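Dear colleague,

I am passing on the structure below, and after it I set out what was found in it. Please read the notes with the model open beside them.

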Amino acid sequence: MRKTPVLYIIVPCYNEETVLPLTAPAFLEKICALAEKGMISDASRILFVDDGSRDNTWKIICDLAKKDARYMGISQSRNRGHQNAVLAGLMEARSRCDITISIDCDGQDDINAMDEMVAKYLEGFEVVYGVRSRRDTDTLFKKYTAQLFYRLLNWMGAEVVYNHADYRLISSLVLDELAEFKEVNIFLRGLVPLVGFKSTEVYYERSERLAGESHYPLSKMLSLAMDGITSLSVKPIRLISTMGFAVSALSFLMIVWIVAQFFAGKTVQGWASTCAIVCFVCGIQLICIGVIGEYIGKIYLETKARPRYIISDRTYETEEKEEDKE
């Protein structure tokens, strides 16, 4: 059996002033309950990551940290997106703990699944994925677009766990290896499986958001899907090559047919067929250029090697500086 681990719960926050006062006590209760069972150490903490919120989220986090030392918080210099916020929390915590569990702030993910996650870690697993058992709380549109999202990612070659978002347990061993992945375009749902190590899944039911509004509309889901595909797979480029060969073959057969019709004296001047062919080929070209452009844009960002996150403030930074002075 492994030693009792130090757990850090990583909670990304963006404009969560309405829901944070509701979920923060629940996270603290879970930490206490797991510690009482002897499953985690009393040194376990809750680390909030403020992703450049424009409301009072950071103030609430600071107030929580003043009331209880088990609450900790870091603030990004500006909004950098959910994936970067989660990564910032993971990298901040990896040298302080044995395991991390990342979970959204909205209260939709069942925090009781953490018990089984920690139990799986104690059994020897390094990564435990929280997987939704069903999608009854989703609208019909959200349900089918989400299913399409995961199937598209897998078909495109991005290895992801079906119906898994960012609710997962990761050990410090895996986090150390994850830190070696330097890409700027981050898609953690695909990166974590790439790291490897022994993993398993825990199933849970997702409930309605406790308060506030969702920060992941359809546009952000599509953007996330595009980031996942282009950062983890070159299959779209290969599809373009295949499509190019297919169109070229079709064009060659068309030329043979046109020449045969010409010598047979059956050619008739017309614009319909010409326009149809031109429009078809131009459409294919524009799609191909768009996909290639997306990859070139990603390469452009990667070559700049800009920081993936910048932490502007910590709730515990002053205390650590005072300890260093002593």
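**Aromatic pairs**

In this predicted model, there are two aromatic pairs (rings of Phe, Tyr and Trp, the last by its six-membered ring, with centres within 6.5 Å; planes under 30 degrees apart count as stacked, over 60 as edge-to-face and the rest as tilted). One of them joins Tyr-167 and Tyr-204 edge-to-face, at 5.2 Å centre to centre and with 80° between the planes. Because Tyr-167 belongs to strand β6 (residues 164-171) and Tyr-204 to strand β7 (residues 199-204), the pair ties together parts that are 37 residues apart in sequence (strands are DSSP runs of E, at least two residues, and helices of H or I, at least four, numbered from the N terminus). Both Tyr-167 and Tyr-204 are buried, that is, under 20% relative accessible area with a 1.4 Å probe, protein chains only.

**Nonpolar cores**

The largest nonpolar core (buried Ala, Val, Leu, Ile, Met, Phe, Trp, Tyr and Cys residues joined through side-chain atoms within 4.5 Å) has 38 residues, of which Val-11, Leu-20, Ile-46, Phe-48 and Val-118 touch the most other members. Helix α1 gives the most to this core, with seven residues. A second, separate core of 31 residues includes Tyr-8, Val-161, Val-195 and Tyr-316.

**Basis**

Residues are numbered from 1 along each chain as its sequence is written, and side-chain values use heavy atoms, with hydrogens and water left out. Local features need pLDDT (the predictor's confidence in each residue, from 0 to 100) of at least 70 and side-chain atom pairs count only at 80 or more, whereas totals for chains, interfaces and linings use all residues.

Best regards

How values were computed:
Buried means under 20% relative accessible area, exposed over 50%, partly exposed in between (1.4 Å probe, protein chains only).
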